[in-house]
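This report describes the fold of one protein chain, beginning with the sheet and ending with selected loop residues. The sequence and structure are shown first.

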Amino acid sequence: MISGSPLYRPYEGLVEISILGKSFQVPEKNTCLRAFQFVAPESIPYGRFCWNQECQLCRIGYTMEMGPKPAVHPVLACKILVAHGMKIVELSNELKLSLGPILKNRRL
Ligand code: FES
């Protein structure tokens, strides 16, 4: 599959990430914020996001590790690219607001 949408950077497949413990398939080679838009197309575009690393409203914390105390890396979702196995464990309030309905209705 190759994306034809101008919203996303070209991608050939999906990668699995988790957001607060819930799994999603999202386009590879795209930022986390675009991945969030992929799973929540009705709400992310209406968030107050600048999309260019200025507003800081897209802050997340992620880990690639397993175990009881994994290192959490604070980053901007509009800057970092998704990676298979990425676990997003912290969301800014703006992201919680935008992703809330998706996370609430999703099975673990
Ligand atoms: S969306 Fe503004 S800093 Fe990421």
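Two strands count as paired here if DSSP finds at least two bridges between them. The model is predicted.

**Sheet**

On that criterion, 5 strands make up an open sheet, with mixed pairing and the order β2-β1-β5-β3-β4. The edge positions are taken by β2 (22-27) and β4 (73-76); each has a single partner strand, so one side of each lacks a neighbour in the sheet. On average, neighbouring strands are turned by 40° against each other, direction ignored.

Strands in a sheet pair through backbone hydrogen bonds, in either a parallel or an antiparallel manner. Strand β1 (residues 14-19) and β2 run antiparallel and are joined by 6 bridges. One of the paired positions is Leu 14, whose bridge partner in β2 is Pro 27.

**Helices on the sheet**

Helix α1 (residues 32-39) lies across β1, β2, β3 (59-63) and β5 (87-91), and runs at about 105° to β2. Helix α2 (residues 93-105) also packs on the sheet, where it touches β1, β2, β3 and β5. The direction of α2 makes about 125° with that of β5.

**Loop residues**

Three loop residues are set out below by their surroundings.

| Residue | Loop | Other C-beta atoms within 10 Å | Burial |
|---|---|---|---|
| Leu 20 | between β1 and β2 | 15 | partly exposed |
| Gln 53 | between α1 and β3 | 10 | exposed |
| Ala 77 | between β4 and β5 | 24 | buried |

Most residues other than glycine have a negative phi. Leu 20 has a positive phi, near 50°, and sits in the loop between β1 and β2. In Gln 53, which is not a glycine either, phi is positive at about 70°.

Is Ala 77 buried or exposed? A residue is called buried if 20 or more other C-beta atoms lie within 10 Å of its own. Ala 77 has 24 such atoms and is therefore buried. For Gln 53 the number is 10, so this residue is exposed.

Which residues does Ala 77 contact, leaving aside its neighbours within four places in sequence? They are Thr 31, Cys 32, Leu 33, Phe 36, Cys 58, Ile 60 and Leu 95. Ser 92 is 15 residues from Ala 77 in sequence, and the two C-alpha atoms are 9.8 Å apart in space.

Definitions and conventions. Residues numbered from 1 in each chain as written. Predicted model: local features only at pLDDT ≥ 70, side-chain atom pairs only at ≥ 80, totals over all residues. Helix = DSSP H or I, 4+ residues; strand = E, 2+ residues; numbered from the N terminus. Axes fitted to C-alpha atoms, helices over the stretch in contact; angles between N-to-C directions. Contact = placed C-beta atoms within 7 Å. Buried ≥ 20, exposed ≤ 12 C-beta atoms within 10 Å, placed from the backbone.
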